[in-house]
Amino acid sequence: MAGRGFYVNFKCPELEQAVKDIGKYDAKTALKIENQIQESTRNIRRGVLSRIHDVTGYLRKHTTSNFNRLKLEGVVREKAPHAHLVEFGHKGPAPAPEHPTMRPAFEEERPNLIRGLEEAIKP
């Protein structure tokens, strides 16, 4: 964690392989792969937002996503300074249980991402 908010890096071997091999595909297939990653990034953000139980709306307002075509990287961030405490819980003076949003959203989207990548690289 650096600065405000936090990030979690999830491994997806199928995605890593598709990105590694992207130079082997024609431009049309590469574009399909890029579009699938971008769409899944948006869907993960929607999944995170649907799981946030935020009375003030602060967490919801500070959840962002972006997609970098050069790196083929989609990023979903919770930029609120207390987001990690909500996500993982804490044992402070007033302990709070965890309310995960990132991992469940990713795990829900993962099969769609894999299926989309498989369809993109089909001849």
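**A helical chain with one hairpin**

T29 is buried, with a relative accessible area of 13%; here buried means under 20% relative accessible area, exposed over 50%, and partly exposed in between, with a 1.4 Å probe and protein chains only. This residue makes a convenient starting point for a tour of the chain. The model is a predicted one, in which local features need pLDDT of at least 70 and side-chain atom pairs count only at pLDDT 80 or more, while totals for chains, interfaces and linings use all residues. Residues are numbered from 1 along each chain as its sequence is written, and side-chain values use heavy atoms, with hydrogens and water left out.

T29 belongs to helix α2. Leaving aside residues up to four places away in sequence, T29 touches A120 and I121, where contact means heavy atoms within 4.5 Å. I33 touches A120 and I121 as well, and its list of partners also holds A18, I22, Y25 and L117, again not counting residues up to four places away in sequence.

To place these residues, it helps to look at the whole chain. Five helices and two strands are present, and from the N terminus on they follow the order α-α-α-β-β-α-α. Helices (H or I, at least four residues) and strands (E, at least two) are DSSP runs, numbered from the N terminus. The C-alpha trace spans about 55 × 25 × 20 Å along its principal axes. Of the 123 residues in the chain, 36% are buried. Among contacts with a separation of 6 or more, 61% are between residues 24 or more positions apart.

What lies at the centre of the largest nonpolar core, in terms of most contacts inside it? The residues are I33, I37, I44, V48 and L117, within a core of 24 residues. Such a core is a set of buried Ala, Val, Leu, Ile, Met, Phe, Trp, Tyr and Cys residues joined through side-chain atoms within 4.5 Å. Helices α2 (27–51) and α5 (102–121) each supply at least two residues of this core, and the largest share, seven residues, comes from α5.

Helix α5 also has a side open to solvent probes: E108 lies in this helix and counts as exposed because its relative accessibility is 51%. E108 and N43 are 65 residues apart along the chain, yet their C-alpha atoms are separated by 9.3 Å.

The two strands form a hairpin with four residues between them. Strand β1 (residues 63–68) and strand β2 (residues 73–78) run antiparallel and are joined by six bridges; two strands pair if DSSP finds at least two bridges between them. Within this pairing, N66 stands opposite V75 in β2. In the loop between β1 and β2 sits L72, whose phi is near 50°, a positive value in a residue other than glycine. Is L72 buried or exposed? L72 counts as buried, because its relative accessibility is 11%.

Turning to the surface, the chain exposes about 8100 Å², of which carbon and sulfur atoms supply 54%; the areas come from the Shrake-Rupley method with a 1.4 Å probe, and for residues only the protein chains shown count as cover.
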